[in-house]
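User: I am new to this structure. Please pick one part, look at it closely, and then show me how it sits in the rest.

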Amino acid sequence: MTPDDDESLRSAHEKMTLMSRTAFHDILNLASAAREYDEFIAGELRKYPELYRHHMCMMRVVGGIQWNAETAGSYLSQGVPPSTWLPLQDVVGEAAAAVPHDHVDLVVDVGNAEVYADELLKKVFFCLVENALSHGGKVSKIEIAFSEDEAGGRITVVDDGCGIPAQNKSRIFGQGFGSHTGMGLFFTRRALSILRFSIRENGREGYGARFEIRVPPGLYHSRRNT
């Protein structure tokens, strides 16, 4: 590699970092502006229950955009955060709260399990819940549970939607697959791989999707009560 190549790489990295930081900053400013408008119009919309319901759904979408921008932006502003012991209940709860899921019963049964991971894991659960809502059809229930067996820890994300056709199971984690951006499940598998976890889908078409995340021994434990 020549000095010119080094300079080109350095320049490209600086441009990407600058553009990313500016984009996250602008997204957060726009989300804040939307919330300020909300303060003006939400009161008036209460007179019209149906419009008010749609407005509140829209504002939850704004909240999700803001949460995603803050999560991604933290990697740029603080660098890659180190892994630490995270209460799985808190990780799932924060991620699910960022996805509008009105009329869907979200059941979380992970006990006091903790996993050794970083902020990527929150984005993983955001993607899995969002995937169920976007592609599951008439989903009324999503269950997230933790258990363990002889192979280690197991986190399952199960919905009661339409499920995934057998011919698509080997393709759903590929980049670009799907009817939207095709990035959610691709990101999910890559992020879990970085964290040394793995994921597969083993649900039945017509009975809902079932994602199973495997957590190796040593990367999970039960939180001691204090």
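Analyst: Start with a cut-off. A residue is called buried when its relative accessible area is under 20%, exposed when that area is over 50%, and partly exposed in between. E212 has a relative accessible area of 4%, so it is buried. Keep in mind that this is a predicted model.

The part to look at is strand β7. This strand covers residues 210–215. First, a little orientation. The protein chain has 226 residues, and 37% of them count as buried. It holds five helices and eight strands. Read from the N terminus, the order of elements is α-α-β-α-β-β-α-β-β-α-β-β-β. The accessible surface of the chain is about 13,500 Å². Carbon and sulfur atoms own 55% of that surface.

Contacts reach far along the sequence. Take the contacts in the chain with a separation of 6 or more: residues 24 or more positions apart account for 72% of them. Strand β7 gives an example of such reach.

Look at F211, which lies in strand β7. F211 has 3% relative accessibility and therefore counts as buried. What does F211 touch, leaving aside residues up to four places away in sequence? Its partners include L128, N131, I155, T156 and V157. I164, I172, F173 and L185 are also among them. The list is completed by I199, R200 and E201. One more distance is worth a look: the C-alpha atoms of F211 and I144 are 9.5 Å apart in space, with their positions 67 residues apart in sequence.

Now the charges. Side chains of opposite charge can pair when their charged atoms come close. The structure holds eight salt bridges. Which salt bridges involve strand β7? Take E212 first. The side chain of E212 meets that of R200 in a salt bridge, 3.3 Å from N to O. This pair links distant parts of the chain, with E212 in strand β7 and R200 in strand β6, twelve residues apart. The two ends differ in cover. E212 is buried, as its relative accessible area of 4% is under the cut-off. R200 is partly exposed, because its relative accessible area is 48%. R200 is also one of the residues that F211 touches.

Next comes R214. D149 forms a salt bridge with R214, and their closest N and O atoms are 2.7 Å apart. Here the link joins strand β4 (residues 141–149), which holds D149, to strand β7, which holds R214, across 65 residues. R214 has 18% relative accessibility, so it counts as buried. D149 is partly exposed, at 26%.

These pairs belong to something wider. D149, R154, R200, R210, E212 and R214 are linked in a network of salt bridges. R210, E212 and R214 fall within the range of strand β7.

For another pair, leave the strand. E94 and K122 join their side chains in a salt bridge of 2.9 Å, N to O. E94 lies in helix α3 (residues 88–97) and K122 in helix α4 (residues 120–135), so this pair ties together parts 28 residues apart in sequence. E94 is partly exposed, at 36% relative accessible area. K122 counts as buried, because its relative accessibility is 12%.

Just before strand β6 there is a residue to note. R196 sits in the loop between α5 (184–194) and β6 (198–201). Its phi is near 75°, a positive value in a residue other than glycine. R196 is exposed, with a relative accessible area of 55%.

Last, the surface. D105, D109, E143 and D160 form a negative patch there. D105 belongs to strand β2 (residues 105–109). With 43% relative accessibility, D105 counts as partly exposed. A nonpolar patch has another make-up: I27, V61 and I65 form it, and it covers about 220 Å². I65 lies in helix α2 (residues 49–78). I65 counts as partly exposed, at 44% relative accessibility.

Back to strand β7 to close. F211 is buried there, while E212 pairs with R200 and R214 pairs with D149.

Definitions and conventions: Residues numbered from 1 in each chain as written. Predicted model: local features only at pLDDT ≥ 70, side-chain atom pairs only at ≥ 80, totals over all residues. Heavy atoms only, no water. Patch = residues over 30% accessible without salt bridge, like charges linked within 9 Å, V, L, I, M, F, W, Y side chains within 5 Å. Areas by Shrake-Rupley, 256 points an atom, 1.4 Å probe, with all protein chains shown as cover. Salt bridge = Lys/Arg side-chain N within 4 Å of Asp/Glu carboxyl O. Lys, Arg positive; Asp, Glu negative; His and termini not counted. Charge placed at Lys NZ, Arg CZ, Asp CG, Glu CD. Helix = DSSP H or I, 4+ residues; strand = E, 2+ residues; numbered from the N terminus. Buried < 20%, exposed > 50% of the residue type's maximum accessible area, 1.4 Å probe, protein only. Contact = heavy atoms within 4.5 Å.
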